Amino acid sequence: MKRLLSLLLIFALFAGLTACKKQNTENAAVTPPEGQVSEEKTAQLCLPDHEDPWAAYGQALKARLEEQGHRVQIHYAQNDALEQSRQVADAGNSGAACVILVPVDSMALADAVAEAAEAGAKVLTLDRQLSRDVDLSAIVAFDYTLLGKTIADHIIQVKNLETAKEEKR
């Protein structure tokens with residue numbers, strides 16, 4: 001089930017990754033030769049901590065983004081909102097085309113996200129929304145109620161619980 005959740009998250013992210021393509025209004029974007037990375041495709045992942053599931057998601061996202069020609073840096077905040085705020089602001093100021101963020105504290109990050117967006121970065125949040133109105137390029141979230149029902153249905157089916165319940169009667 002953990003693998004399914006990971007795949008769903010990765011799929012959802014790639015649906016929104018078109019936001020990571022920085023538009024150049026003077027020249028058309030040029031795809032770099034195979035094996036090279038375009039400066040226009042720098043992505044910064046700002047995750048809460050090294051622990052699972054974030055470490056696994058971060059590595060999977062990094063690998064997939066690199067396959068697509070993005071240069072990727074992962075930052076772990078160790079669940080420190082001030083540290084993550086600095087990481088997000090630095091990512092925007094360093095010229096990142098895209099910042100993918102799982103907020104440690106959705107209220108504390110609003111200013112840093114606004115700063116990164118003003119610097120030209122597309123900012124996507126995963127799993128958690130920001131508490132204040134900020135210009136986000138995308139929000140990727142799950143319907144946890146539906147996810148819980150789907151998991152329960154899967155367990156019932158795999159463990160054959162409906163049949164076991166009827167046999168017990």
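**View 1. Glu83 is partly exposed, at 29% relative accessibility.** Accessibility is classed as buried under 20% relative accessible area, exposed over 50%, and partly exposed in between, with a 1.4 Å probe and protein chains only. The model is predicted: local features need pLDDT of at least 70, side-chain atom pairs count only at pLDDT 80 or more, and totals for chains, interfaces and linings use all residues. Residues are numbered from 1 along each chain as its sequence is written, and side-chain values use heavy atoms, with hydrogens and water left out. Glu83 forms a salt bridge with Arg86, with 3.3 Å between the closest N and O atoms. A salt bridge is a side-chain nitrogen of Lys or Arg within 4 Å of a carboxyl oxygen of Asp or Glu. Arg86 is also partly exposed, at 42% relative accessibility. The two residues are separated by about one helical turn because they lie three residues apart in helix H3. Helices (H or I, at least four residues) and strands (E, at least two) are DSSP runs, numbered from the N terminus.

**View 2. Helix H3 comprises residues 81–93.** Its 13 residues reach 18 Å from the first C-alpha to the last, close to the 18 Å expected at 1.5 Å a residue; the expected span is 1.5 Å times one less than the number of residues. At the start of H3, a side-chain oxygen of Asp80 comes to within 3.0 Å of the backbone nitrogen of Leu82. Buried residues of H3 include Ala81, Gln84, Val88 and Ala91. Among the elements that cover the buried residues of H3 are strand E1, strand E2 (71–76), strand E3 (98–101) and helix H4 (110–118). Just after the helix, Gly95 adopts a positive phi of about 95°.

**View 3. Gln44 occupies strand E1 (residues 42–47).** This residue is buried, with a relative accessible area of 3%. The side chains of Gln44 and His75 are joined by a polar contact of 2.4 Å. A polar contact is a pair of N or O atoms within 3.5 Å; within protein, one must be able to donate a hydrogen and the other to accept it, and residues adjacent in sequence count only if both atoms are side-chain atoms. Leaving aside residues up to four places away in sequence, Gln44 touches Gln73, His75, Ala91, Ser94, Ala96, Cys98, Val99 and Ile100, contact being heavy atoms within 4.5 Å.

**View 4. Tyr57 and a salt bridge belong to helix H2 (residues 54–67).** Tyr57 is buried, with a relative accessible area of 12%. Ten residues in sequence separate Tyr57 from Leu47, and their C-alpha atoms are 9.4 Å apart in space. Glu66 and Lys62 form a salt bridge in which the closest N and O atoms are 3.7 Å apart. These two residues are four residues apart in H2, so about one helical turn separates them. Glu66 is partly exposed at 38% relative accessibility, and Lys62 is partly exposed at 25%.

**View 5. Lys149 and Asp153 meet in a salt bridge of 2.8 Å, N to O.** Their side chains make one of the four salt bridges found by a search of the whole structure. Both residues lie in helix H5 (residues 144–158), four residues apart and therefore separated by about one helical turn. An α-helix has 3.6 residues a turn, so residues three or four places apart point the same way. Lys149 is partly exposed at 49% relative accessibility, and Asp153 is partly exposed at 37%.
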